[in-house]
Number of protein chains: 2
Amino acid sequence: MSDAKPVLIDGEWRAADGEGTFEPRNPTAQSPTGELYPVSSLNDVEAAVRAGAAAAEEMAGLAPTVIASFLERFAERIEARADELVAMAHAESGLPASPRLQDIELPRTADQLRQAAAAARAGSWALPTIDSQSGIRSMYAALGGPVVVFGPNNFPFAFNSLAGGDFASAIAAGNPVIGKANSSHPGTTRLLGEEAFAASQDVGLPTAAVQLIYRTDHQVGEQLVSHPLVAATGYTGSRSAGLALKAAADQAGKPIYLELSSINPVVVLPGAIAERGGDELMDEFVTSCLMGTGQFCTNPGIVLLLKGEGAEQFIAAAREKFGEAPVGTMLTEGVQKNMERSVSHLREAGAELLVGGATGGGAGYSFQNTLLRVSGTQFIKEPEKLQEEAFGNESLFVVADDMDQALEVSRRFEGNLTGCIYSHSGGDDDALYNRIAPILRRKVGRLLNDKMPTGVAVSSAMNHGGPYPATGHPGFTAVGLPASLLRFGMLQCFDNVRPHRLPPALRDQNPTGQMWRLVDKEWTQADAAAG
Amino acid sequence: MSDAKPVLIDGEWRAADGEGTFEPRNPTAQSPTGELYPVSSLNDVEAAVRAGAAAAEEMAGLAPTVIASFLERFAERIEARADELVAMAHAESGLPASPRLQDIELPRTADQLRQAAAAARAGSWALPTIDSQSGIRSMYAALGGPVVVFGPNNFPFAFNSLAGGDFASAIAAGNPVIGKANSSHPGTTRLLGEEAFAASQDVGLPTAAVQLIYRTDHQVGEQLVSHPLVAATGYTGSRSAGLALKAAADQAGKPIYLELSSINPVVVLPGAIAERGGDELMDEFVTSCLMGTGQFCTNPGIVLLLKGEGAEQFIAAAREKFGEAPVGTMLTEGVQKNMERSVSHLREAGAELLVGGATGGGAGYSFQNTLLRVSGTQFIKEPEKLQEEAFGNESLFVVADDMDQALEVSRRFEGNLTGCIYSHSGGDDDALYNRIAPILRRKVGRLLNDKMPTGVAVSSAMNHGGPYPATGHPGFTAVGLPASLLRFGMLQCFDNVRPHRLPPALRDQNPTGQMWRLVDKEWTQADAAAG
């Protein structure tokens with residue numbers, strides 16, 4: 001493996017211990033990028049985990065301001081190296097350099113890191129709670145071991161193992177991170193790793209606060225997430241790989257936060273179609289569904305309509321727009337092949353092809369913009385098969401005979417990240433809304449009105465999460481600070497602990513004067529009364 | 001099964017569908033209580049789950065004040081039937097009627113229900129979050145299906161499947177509950193179930209808001225916690241049964257909150273022994289360890305000491321006190337047999353018996369008050385075997401050669417609910433404290449100073465939880481309101497949802513004027529500015 005790029009373990013960029021290498025491919029050119037990356041063995045994993053465990057012990061004693069400085073320094077370094085990062089990510093992902101990577105995703109990534117820094121500095125994420133009468137105090141704190149992050153293929157910056165939301169949250173909560181690069185963009189991850197590591201040394205974090213490996217075989221991956229010294233895992237990716245990791249982590253009693261798959265049902269009620277189905281709503285749907293060649297976790301994969309002329313017009317117009325719209329490049333050959341397979345499965349399950357349905361049509365790996373349709377009756381017969389995620393520029397219209405059938409369809413929806421309902425602005429659809437919304441509500445993490453789901457704002461109130469199988473737990477969000485930090489914290493209670501031994505966040509005096517704390521059941525930024 | 005007591009399914013006390021019955025035993029008399037209880041089949045489970053799912057749908061639309069009224073009404077009904085409940089619980093558990101059951105546990109149980117009612121009424125537990133600029137709002141809300149609660153044997157009221165902490169939390173968060181009675185006190189659970197159901201009808205909850213079965217075989221239990229319509233499970237009990245349920249729930253992607261086992265290490269530093277080891281500290285230890293015949297989840301099962309004369313005197317005094325103290329009755333024959341087995345395993349792993357060690361010595365099922373001792377060296381050799389929980393009136397002294405070895409011992413502690421450190425009041429032990437506290441801190445949910453762990457106050461800052469295998473997730477507490485409700489909530493985000501369609505907690509106007517909400521990153525009880 002002398003030609004393969006080095007892994008980063010305990011502060012050293014060194015040759016991987018392992019067998020085999022892999023070559024990432026440029027999906028537009030459909031050819032290798034020219035770099036070679038190593039597959040790590042259990043020895044690499046063991047070394048990274050041990051170093052990470054030592055780093056966790058060291059980081060437990062650090063002031064949150066050091067962590068915050070790291071995140072800010074890292075954001076600056078990413079911005080300083082933006083051109084090279086964008087070129088690499090474009091080569092590896094086929095995503096447009098501009099505006100997508102350079103003007104949207106990279107700034108968003110730097111902004112997330114800065115928001116995470118602000119969250120670490122403020123400390124309010126930890127929900128510090130003081131019961132002054134009983135002498136009992138508690139807060140969330142770092143887990144005490146390294147967090148493993150598996151990033152997905154579709155956001156080479158914003159969800160990157162070493163720069164994205166899981167990374168930022170895990171670090172901001174005080175944990176070291178072992179990044180497992182997504183195999184589709186190891187070069188981007190390596191460059192980000194270089195900047196992350198340099199930033200960590202700029203501010204004096206332990207050498208193993210940030211570590212990087214590129215790939216392991218399945219068994220070693222399972223050993224990683226279930227390692228006794230690993231604290232938790234964040235995973236975004238395919239359902240099958242995620243569930244194998246989940247089984248290993250669950251068996252070992254290790255928390256694992258998964259973002260697996262989501263088809264994001266959109267319900268369009270008749271009044272909304274009548275009012276604005278022809279242009280406004282149609283444009284929103286087409287833009288949302290084809291954005292990033294449909295390779296978004298929140299891509300609208302099912303559109304539920306009520307039978308009628310309006311629905312037929314809407315479907316016909318969508319079919320036309322999909323046929324005319326340019327076809328984007330897919331992230332990898334695997335994504336293209338999965339599209340072929342999923343669309344074929346959906347057709348086997350009874351869906352009718354309206355447009356598209358075949359490989360090609362765009363530069364490099366690509367698949368035609370595709371629409372399918374199925375009746376509500378058939379959906380109710382084959383709900384599982386008709387909810388197979390086709391990750392890409394595809395959507396399935398489900399046309400229900402009437403509202404009762406639409407409710408039955410909704411009851412069969414799996415857990416999803418999002419669910420949308422479009423309704424008449426004047427209230428014509430309100431009776432229907434009131435029947436379907438409660439059913440959809442408990443199936444999804446985020447319920448939208450009159451808005452497509454693909455924008456995921458980094459808001460304090462965002463939930464990028466949802467019931468299984470969208471994620472592994474319905475109580476956590478992967479986007480939205482500071483709430484996303486809670487995934488990587490343990491609840492630490494201090495009972496009768498002497499005042500000078502308490503962490504600063506739990507002492508009578510508010511350590512910053514700004515931290516929000518729940519003192520005797522009231523949220524306040526004031527000091528607690530002396531105990 | 002004509003003589004067996006009825007189960008409660010969908011508002012009907014009816015004969016169980018199933019095969020077989022069981023007879024609870026009076027552990028003091030070592031004889032049957034005279035009642036017969038049914039083992040439920042999958043048909044009962046299926047009926048309860050379906051009814052519970054319908055109830056969940058209904059409860060989603062209820063005002064939190066209705067839930068709160070139910071919990072308060074139930075507390076009143078428990079108090080009104082206190083004599084009968086205490087008599088039944090005493091007969092089934094052998095726990096002293098007074099003060100334990102009548103004067104401590106029953107009032108605590110009613111108080112917990114009232115605190116849960118207050119939490120439901122206030123609504124602040126749901127962490128309502130408003131981002132007024134983006135139009136995104138979120139909060140925790142009921143899970144959308146029934147919660148299954150398996151209560152433990154050791155608190156027939158306070159952790160009862162149909163009246164304890166998990167029940168109160170799950171209901172207060174808006175979920176229906178299916179209680180699986182602990183087989184050691186089905187009669188107590190039945191009486192509580194009668195009052196819970198009556199209270200639920202007093203306030204107009206759905207008929208399946210509270211349901212009760214007594215026992216299933218293992219396979220049916222696993223089908224219950226992994227049922228597609230079940231939302232989550234709360235389990236407190238033995239590690240082996242809990243892990244089997246966890247595997248089934250994990251596989252189905254269903255949250256399960258487990259409280260499995262804990263040996264609650266207590267570190268006594270030399271200065272503390274010198275200062276107050278002879279009387280004050282010794283009394284605290286003996287009282288804590290023998291309280292409830294040691295059958296507490298927070299019972300101090302390991303005492304870590306540094307070699308020296310002080311340690312020897314402490315051990316000798318404890319041995320004497322244990323030998324003299326009256327021996328209590330154990331909850332069941334199974335608990336007694338487990339003590340025999342665990343003490344024998346600890347001895348096989350190298351622990352030396354100091355006192356006790358044999359069955360008997362008290363009324364009914366009992367086991368002598370037991371102390372064991374082992375060297376730090378041996379503990380480091382057999383950390384797993386020497387951490388087998390002996391659930392009862394037993395503790396193991398671990399005597400380390402020096403502080404370095406004590407740290408090595410601590411590093412091998414499994415996850416626990418609690419960890420205590422006793423140190424010199426004047427600071428003589430502070431250097432040692434500073435070395436061992438960070439290690440213990442991340443192994444335990446609650447760290448105590450100079451205080452035994454057996455009191456678990458129902459405080460807003462309490463954490464009755466801890467890293468695996470003490471529980472299944474280090475971020476949640478089973479005791480302490482309102483935080484314990486979060487286990488039974490899903491995060492629901494509303495994006496661009498029209499104002500009149502938002503739940504009251506997320507509208508601009510604060511629904512009670514008292515609810516704490518995170519509005520634009522500030523905690524406040526004020527209204528949000530109109531969007």
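Reader: At roughly what angle do the axes of H7(A) and H8(A) cross?
Author: Happy to start there, with the note that this is a predicted model. The axes of H7(A) and H8(A) come within 8 Å. Their crossing angle is roughly 40 degrees.

Reader: Is H7(A) parallel or oblique to H8(A), and why?
Author: Angles under 35 degrees count as roughly parallel, and 65 to 115 as roughly perpendicular. The axes cross at roughly 40 degrees, which makes H7(A) relative to H8(A) oblique.

Reader: Is the crossing of H7(A) and H8(A) left-handed or right-handed, and which residues in H8(A) are met there?
Author: The crossing is right-handed. From H7(A), the residues involved are His218(A), Gly221(A), Glu222(A) and Val225(A). In H8(A) they meet Ala244(A), Leu245(A), Ala248(A) and Ala249(A).

Reader: Why are the buried residues of H7(A) on the same side?
Author: Good one to check in the viewer. The buried residues of H7(A), which spans residues 218-225, are Gly221(A), Leu224(A) and Val225(A). They sit on the same side of H7(A) because the arc they cover around the axis is only 90 degrees.

Reader: Which elements of chain A do the buried residues of H7(A) pack against?
Author: Two helices are on the list, H1 (42-59) and H8 (239-251). The strands they pack against are E9 (147-150), E12 (232-236) and E13 (256-259).

Reader: What relation links chain A to chain B, and which C-alpha of chain A is nearest the axis?
Author: A turn of 180 degrees with a shift of 0.0 Å along the axis lays chain A on chain B, with an RMSD of 0.0 Å. That is the relation of a two-fold axis. In chain A, the C-alpha nearest the axis, 3.0 Å from it, belongs to Trp523(A).

How values were computed
Residues are numbered from 1 along each chain as its sequence is written. Chains are lettered from A and ligands numbered from 1 in the order in which they are written. This is a predicted model: local features need pLDDT of at least 70, side-chain atom pairs count only at pLDDT 80 or more; totals for chains, interfaces and linings use all residues. A residue is buried if 20 or more other C-beta atoms lie within 10 Å of its own, exposed if 12 or fewer, and partly exposed in between; C-beta atoms are placed from the backbone. Helices (H or I, at least four residues) and strands (E, at least two) are DSSP runs, numbered from the N terminus. The arc is that of the directions from the helix axis to the C-beta atoms. Two residues are in contact if their C-beta atoms, placed from the backbone, lie within 7 Å. Copies are superposed by least squares on the C-alpha atoms of residues with pLDDT of at least 70 in both. Axes are lines fitted to C-alpha atoms, for helices over the stretch in contact, and angles run from 0 to 180 degrees between N-to-C directions. Angles under 35 degrees count as roughly parallel, over 145 as roughly antiparallel, 65 to 115 as roughly perpendicular and the rest as oblique. A crossing is left-handed if the near helix is turned anticlockwise from the far one by less than a right angle, and right-handed if clockwise.
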